[in-house]
Amino acid sequence: MSAFSRLRLDGVSRRFGGQAALTELDLTIEAGEFIALLGPSGCGKSTALNCLAGLLPLTAGSIWQDERRIDTLPPERRGFGMVFQSYALFPHLTVRANIAFGLRMRRLPKEETRRRTAEALRLVRLEEHVDKLPGQLSGGQQQRVAIARAVVFEPSLVLMDEPLSNLDAKLRLEMRTEIRRLHQSLGLTTVYVTHDQEEALSLADRLVVLREGRVQQVGSPRELHTRPANWHVADFMGYRNLWRGRVTRVDDAVVTAESAGQRLLGEAVGDLRTGAEAVLAVRPEDIRVDGAGETRNALSATVEVVEYQGRELAAEARTDTGLLLHLRTERRIAPGDQVKLAVDPRRLLVYPDGPAHRPEDQGATR
Ligand code: ATP
């Protein structure tokens with residue numbers, strides 16, 4: 001269906017007055033890919049999407065669909081489908097009419113409009129609701145109409161800006177699967193904006209992580225999950241335990257770092273020398289609570305807080321050296337328990353410490 005084989009963003013930048021919202025975004029999207037733009041609030045995700053859509057002019061850079069420059073075209077001439085957080089359906093039109101609207105505007109033959117509308121209704125499983133008005137539908141159903149409306153004219157690219165954020169947790173999960181299914185069955189190319197790392201990991205073929213308008217990392221879900229490129233990305237990807245230390249030894253990728261008198265072995269991500277200030281990062285689920293007998297990266301700690309979360313417990317424990325760690329475990333632990341923690345050195349990532357935004361106090365996590 002895609003009318004191009006490659007979409008290329010070349011140094012795409014956007015400023016608002018004196019403030020840079022997006023700085024030199026370079027990205028090549030292959031036809032059929034599902035790309036997630038991910039990052040905290042204000043990092044420039046929507047700005048990037050709106051630049052692609054043609055809703056915002058670029059301040060610098062260009063966008064190319066194969067050999068054709070498109071950033072100078074108005075939105076309607078780019079032929080992209082769009083789905084936003086608010087469904088923006090016509091309240092006085094039925095589900096069927098809402099979906100067919102774009103096709104009518106494009107003056108498609110009646111029979112073709114009817115056929116494509118029926119197909120889109122089937123895809124989003126709304127056949128039973130064709131004659132209802134948007135006000136008679138649930139939030140999830142309304143978002144399905146918005147998605148059907150965006151894909152019904154077989155766009156070369158579908159842009160989605162936090163389409164699930166108005167839905168409750170259960171619906172969000174259902175619609176997530178639905179969106180992935182649609183992407184696959186229609187062979188769409190999709191760019192999807194979200195601040196939810198789990199949503200991005202589960203949906204996308206590749207993730208683009210932004211921070212303060214700049215790309216931090218582009219990679220597969222697996223790469224982002226296991227090897228965030230810097231500690232800001234690690235922080236965003238669920239490495240809840242971040243603390244500072246100093247490198248005392250480097251053996252290729254294996255480094256020894258010392259923090260509050262505790263020596264730990266980890267994997268270096270980036271250039272680290274002996275004596276360098278470092279940031280250590282580990283996910284709560286990568287800290288073992290049954291670490292007794294473990295000689296490497298063993299930590300004695302006291303459990304402080306425990307939260308019940310179904311099969312697992314989420315807990316906070318303070319090591320004897322004063323480090324507060326977030327854990328997840330299936331073991332039944334309780335506040336006051338003494339525990340032996342251990343971290344596989346391959347799961348403890350050690351980053352060079354950047355000058356900006358250091359984790360809070362030495363030895364403490366947030
Ligand atoms: P969110 O997840 O909160 O929607 P975002 O990552 O999509 O955030 P953007 O909406 O792209 O972020 O905003 C990036 C930066 O540009 C922010 O600092 C924002 O305040 C600024 N910005 C966005 N739109 C405008 C505008 N129309 N005028 C001035 N500043 C803007």
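## Close-up views of a predicted model

**View 1. Strands β1 and β2 pair in the antiparallel sense.** In this predicted model, 8 bridges join β1, residues 6–16, to β2. β2 covers residues 19–30. Opposite Val 12 stands Leu 25 of β2. Strands of a sheet pair through backbone hydrogen bonds, either parallel or antiparallel.

**View 2. An open sheet of 4 strands has antiparallel pairing.** Its order is β2-β1-β4-β5. β2 and β5 (68–69) stand at the edges; each has a single partner strand, so one side of each is left without a neighbour in the sheet. β1 and β4 are joined in the antiparallel sense by 5 bridges. Here Leu 7 stands opposite Gln 65 in β4.

**View 3. A hairpin links β4 and β5.** The two strands pair in the antiparallel sense over 2 bridges. Gln 65 has Arg 68 as its bridge partner in β5. Between the strands lie 2 residues. Asp 66, in the turn, has a positive phi of about 50°.

**View 4. Helix α1 lies across three strands: β1, β2 and β4.** α1 covers residues 45–53, and β4 covers residues 60–65. The helix runs at about 120° to β1. α1 also supplies 3 residues of the shell around the ligand, the largest share.

**View 5. Residues from Phe 16 to Glu 162 are found around the ligand.** Among the shell residues are Phe 16, Gln 19, Ala 21 and Glu 162. The shell also includes Pro 40, Ser 41, Gly 42, Cys 43, Gly 44, Lys 45, Ser 46 and Thr 47. β2 and α1 each supply at least two residues of this shell. By class, the shell has 4 nonpolar, 6 polar and 2 charged residues.

**View 6. Oxygen atoms of the ligand lie close to N or O atoms of Gln 19, Gly 42 and Lys 45.** At Gln 19, a side-chain N or O atom is 3.1 Å from a ligand oxygen atom. At Gly 42, a backbone N or O atom lies 2.8 Å from an oxygen atom of the ligand. At Lys 45, a side-chain N or O atom is 2.9 Å from an oxygen atom of the ligand. Taken alone, the ligand exposes 630 Å², and the protein buries 58% of that.

**View 7. An open sheet of 6 strands has mixed pairing.** The strand order is β6-β7-β8-β3-β9-β10. β6 (80–83) and β10 (214–219) are the edge strands, and each pairs on one side only. Neighbouring strands of this sheet are turned by 15° against each other on average, direction ignored.

**View 8. β3 and β8 run parallel.** β3 spans residues 34–38, and β8 spans residues 190–194. The two strands are joined by 5 bridges. Leu 38 stands opposite Thr 194 in β8.

**View 9. Helices α5 and α6 pack on the sheet of 6 strands.** α5, residues 139–151, touches β6 and β7. β7 covers residues 157–161. The direction of α5 makes about 170° with that of β6. α6, residues 169–186, touches β3, β7 and β8. The direction of α6 makes about 140° with that of β3.

How values were computed:
Residues numbered from 1 in each chain as written. Predicted model: local features only at pLDDT ≥ 70, side-chain atom pairs only at ≥ 80, totals over all residues. Heavy atoms only, no water. Near = heavy atom within 4 Å. Polar contact = N/O pair within 3.5 Å; in protein donor to acceptor, adjacent residues only side chain to side chain. Areas by Shrake-Rupley, 256 points an atom, 1.4 Å probe, with all protein chains shown as cover. Nonpolar A, V, L, I, M, F, W, Y, C, P; charged D, E, K, R; others polar. Pairing = 2+ DSSP bridges. Contact = heavy atoms within 4.5 Å. Axes fitted to C-alpha atoms, helices over the stretch in contact; angles between N-to-C directions.
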